[in-house]
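User: Please take a close look at one part of this model, the place where charged side chains pair up around a boundary, and follow it outward step by step. I would like a connected account that keeps to what the atoms show.

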Amino acid sequence: MIKNIVFDFGGVIADIDRDKAVQAFVKLGLKDAETRLDKYHQTGIFQELEEGKLSADGFREKLGELCGRELSAEETRQAWLGFFTGVDVHKLDYILELRKSYRVYILSNTNPYVMSWACSPEFSSQGKSLADYCDKLYLSYQLGCTKPDKRIFYHMLEDSGMVPSETLFVDDGDSNVRIGKELGMHTFKPKNGVGWREELSRLLSGL
C-alpha cells in the first residue's frame, strides 16, 4: 500500500527547457553554456552550487569570471529561471488533492536561485510557494549531494521515516528512477512538459 509520494521538481512539477536556459547563460556572456548545462545533472561550478559546495554569491563570482564581467544577483537568478517554462496549476491542484491521502515530499537537484522563486508566492498563480504543496522539501544544495547519489535518498528515507515499499517515486530522469527502484521504491517516469495526472491516478489505484 502506498503511503508516500516523492516528486522531483524540474521536469515533473515545473516544466523545463534546457535550450532556453543555455540561451539565458549565453546572454550573460558564458559562451560555452551548451557544454556546461544539463537537464538532469550539472557539471563544474553549476554542480558545485547544487551540491552546496558553492554559495549563491560564490557561484555568481565564479560565473562572472567565466563571463568576463561582474554579474548581479538578479541577472544570475533570472538566468537560472530560464530553465523553467511554467507551472501547470492543474498539477498543483492535483498534488494538493493527493496530500489528503498521502504524505507528499519533493526531492530535487536544485540551488538557492531557483528556490528563491519556487519557495515564494511568485511560484503559483494562487500565491502559494512550493513548500505549501508538500510535507517536506529535500533539496540537494542543503543536503550536500545530488541525485542519483544514493546518499540523498538515504537521507530522505531516514529523516522522513518512509518505507521504500510504501513509497512512489516520481522523476523524469532515467538514472534517478533506476536508483529509486534499487532502493525498493515504486517508480513512475513522466515526460517533461506532459500532463501526468491521469496516468499517475491509474498507477496509484493499482498499487
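Analyst:
**From a buried arginine to the domain boundary**

Arg60 has a relative accessible area of 18% and therefore counts as buried, since the limit for that class is under 20%. The model is a predicted one, and what follows should be read with that in mind. Arg60 forms a salt bridge with Asp57, the closest N and O atoms lying 3.3 Å apart. Both residues belong to helix α4 (residues 56-67), where a spacing of 3 residues places them about one turn of the helix from each other. The two ends of this pair differ in their surroundings, because Asp57, at 43% relative accessible area, is partly exposed, whereas Arg60 is buried.

Arg60 also leads into the next helix, for it is among the residues that Thr76 touches. Thr76 sits in helix α5 and is buried, with a relative accessible area of 0%. Leaving aside residues up to four places away in sequence, the contacts of Thr76 are with Leu28, Phe59, Arg60, Leu63, Leu71 and Tyr113. The side chain of Thr76 additionally reaches the backbone oxygen of Ser72, at 2.9 Å.

Either side of Thr76 in the sequence there are charged residues to consider. Glu74 and Arg77 meet through their side chains in a salt bridge of 3.6 Å, N to O, and because they are 3 residues apart in helix α5 (residues 73-81), about one helical turn separates them. Here again the acid is partly exposed, Glu74 having a relative accessible area of 42%, while the arginine is buried, Arg77 standing at 12%. Glu75 takes part in a salt bridge as well, its side chain meeting that of Arg69 at 3.2 Å, N to O. In that pair both partners are partly exposed, with 25% relative accessibility for Glu75 and 36% for Arg69.

Arg77 has a second acidic partner, since its side chain also meets that of Glu122 in a salt bridge (3.5 Å, N to O). To see what this pairing joins, one needs the domain assignment, which gives domain 1 as 4-15 + 86-206 and domain 2 as 18-82. Glu122 falls in domain 1 and Arg77 in domain 2, and the count of salt bridges between the two domains is 1. Polar contacts at this interface add to the picture, as 7 residue pairs are found, with both members at pLDDT 80 or more. On the side of domain 1 that touches domain 2, α7 (112-118) and α8 each supply at least two residues, and the largest share, 5 residues, comes from α7.

The interface as a whole can be described in similar terms. The C-alpha centres of the two domains lie 24 Å apart, and 19 residues of domain 1 are in contact with 17 residues of domain 2. About 1400 Å² is buried between them, with carbon and sulfur atoms giving 55% of that area. Within domain 1, the residues that lose the most area to domain 2 are Asn111, Tyr113 and Thr146, which together make up 43% of what that side buries. Tyr113 is thus a point where two parts of this account meet, because it is also listed among the contacts of Thr76, the residue of helix α5 whose relative accessible area is 0%.

The residue that follows Thr146 in the numbering, Lys147, is joined to Pro148 by a cis peptide bond, with omega at about 10 degrees. Pro148 is found in the loop between α8 (140-143) and α9 (150-160). Lys147 is itself linked with Asp8 and Asp171 in a network of salt bridges, and a search of the whole structure finds 19 salt bridges.

What of the cysteines? The count of disulfides is 0. Cys119 is in no disulfide, because the nearest cysteine sulfur, that of Cys134, is 8.0 Å away, and a pair would have to lie within 2.5 Å. Cys119 is partly exposed at 35% relative accessibility, whereas Cys67, at 13%, is buried. Cys67 falls at the end of the residue range of helix α4, the helix of Asp57 and Arg60 with which this account began.

Definitions and conventions
Residues numbered from 1 in each chain as written. Predicted model: local features only at pLDDT ≥ 70, side-chain atom pairs only at ≥ 80, totals over all residues. Heavy atoms only, no water. Helix = DSSP H or I, 4+ residues; strand = E, 2+ residues; numbered from the N terminus. Buried < 20%, exposed > 50% of the residue type's maximum accessible area, 1.4 Å probe, protein only. Domains from an automatic or database assignment. Contact = heavy atoms within 4.5 Å. Buried area = accessible area lost by both parts, 1.4 Å probe. Salt bridge = Lys/Arg side-chain N within 4 Å of Asp/Glu carboxyl O. Polar contact = N/O pair within 3.5 Å; in protein donor to acceptor, adjacent residues only side chain to side chain.
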